[in-house]
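Work through the exercises below with the sequence and the 3D view open beside you. Try each task on your own before reading its solution.

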Amino acid sequence: MGAQKTPATSRKRTKTARAIQRATLQLAVDHGYKAVTIDMIAEHAGISRRTFFNHYKNKQDAIVGPKTERFGHAYDWLEISEKPLLQDLQCLVRQVATDAAPDRSVIRNIGKILGESPDLQPVFSAIITNFTRELTPLLSRRLGRGQEPAAHLISHLVSQAIALSFKDWTAGNDIALDQIVDQANRSIASVVQALDPK
């Protein structure tokens, strides 16, 4: 029987995975993505090749970073809330950003790499796609039977608003995470306003 993962083990695993991601991104910025090897990443991160492969399948996975489940029970409140949907979506964006606690230097390095290796865009777009996929069933349950298409479209709106806001960090703009969240929430509100300009 395998050893059970404790919260401390899980935190250590995530910390190592993040360190590998940071090393991969920095090497890709310094040497170009194509020149980076697993050996270079392992040496830069201070780990063995085996440890690298315990966390990632390849350097492309390492650039994206550890996979995390974004929508656990912590987001169940969205289903049962009786507040206006727009207000709840804005709370959700704030909670997701706070829980993710993104590293500004990681986001900036991703921006640099995408500038030099646009062929990696689909890799990072997959993160947004996965976020949309996770949010859609939650919104479907909130909106009710027969509203799946609306839930899917709203999930896309929220995902894209977050992605567009984070572009300021990829551009190297020195703004706080709260401002990124506020910007995403303003974008969502402006689309709602455009659709129903009462």
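The exercises that follow go from the overall make-up of this predicted model to its cores, its helices and some single residues.

**Exercise 1. Describe the protein as a whole: which elements does it hold, and what share of its residues is buried?**

Solution. Begin with the elements: the protein has 10 helices and 0 strands, so that its order from the N terminus on reads α-α-α-α-α-α-α-α-α-α. Next take the extent, where the C-alpha atoms fill a box of roughly 60 × 45 × 30 Å along the principal axes. Then turn to burial, and note that 34% of the 198 residues are buried. Finally consider the contacts with a separation of 6 or more, of which 64% join residues 24 or more positions apart.

**Exercise 2. Find the largest nonpolar core and state which helices contribute to it.**

Solution. The largest nonpolar core has 24 residues, and those touching the most other members are Val-93, Leu-135, Leu-139, Val-158 and Ile-162. Two or more residues each come from helix H6 (85–100), helix H8 (121–143), helix H9 (148–170) and helix H10 (177–195), and among these H9 gives the most, with 7 residues. Apart from this core lies another one, of 23 residues, which includes Phe-52, Val-106, Ile-110 and Phe-124. To follow one member of the largest core, select Ile-162: leaving aside neighbours within four places in sequence, Ile-162 is in contact with Val-93, Phe-131 and Ala-184. As a general background, nonpolar side chains in soluble globular proteins tend to be buried together.

**Exercise 3. Examine helix H10: where do its buried residues lie around the axis?**

Solution. First look at the length, since H10 has 19 residues and reaches 28 Å from its first C-alpha to its last, close to the 27 Å expected at 1.5 Å a residue. The buried residues in H10 are Ile-180, Val-181, Ala-184, Asn-185 and Ile-188. Seen down the axis of H10, these buried residues fall within an arc of 130 degrees, and therefore they line one face of the helix. An α-helix has 3.6 residues a turn, so residues three or four places apart point the same way. The cover over the buried residues of H10 includes H6 and H9, whereas the face turned away from the buried side carries the exposed residues Asp-178, Arg-186 and Ala-194.

**Exercise 4. Determine how H6 and H8 pass each other, and which residues meet.**

Solution. The axes of H6 and H8 come within 13 Å and cross at roughly 145 degrees, and the crossing is right-handed. On the H6 side, the residues to display are Leu-85, Asp-88, Leu-89, Leu-92 and Val-96, which meet Phe-131, Leu-135, Leu-139, Arg-142 and Leu-143 in H8.

**Exercise 5. Classify Gln-21, Thr-24 and Ser-190 as buried, partly exposed or exposed.**

Solution. Gln-21 is placed in helix H1 (residues 7–31), and because its relative accessibility is 3%, Gln-21 counts as buried. Leaving aside neighbours within four places in sequence, Gln-21 is in contact with Tyr-56, Ala-62, Ile-63, Val-64, Gly-65, Pro-66 and Val-106. Thr-24 also lies in helix H1, and a relative accessible area of 1% makes Thr-24 buried; not counting residues up to four places away in sequence, Thr-24 touches Ile-41, Lys-59, Ala-62 and Ile-63. Ser-190, which lies in helix H10, has a relative accessible area of 42% and is therefore partly exposed.

How values were computed. Residues numbered from 1 in each chain as written. Predicted model: local features only at pLDDT ≥ 70, side-chain atom pairs only at ≥ 80, totals over all residues. Heavy atoms only, no water. Core = buried A, V, L, I, M, F, W, Y, C linked by side-chain atoms within 4.5 Å. Buried < 20%, exposed > 50% of the residue type's maximum accessible area, 1.4 Å probe, protein only. Helix = DSSP H or I, 4+ residues; strand = E, 2+ residues; numbered from the N terminus. Contact = heavy atoms within 4.5 Å. Expected span 1.5 Å × (residues − 1). Arc of directions from axis to C-beta. Axes fitted to C-alpha atoms, helices over the stretch in contact; angles between N-to-C directions. Left-handed = near helix turned anticlockwise from the far one by under 90°.
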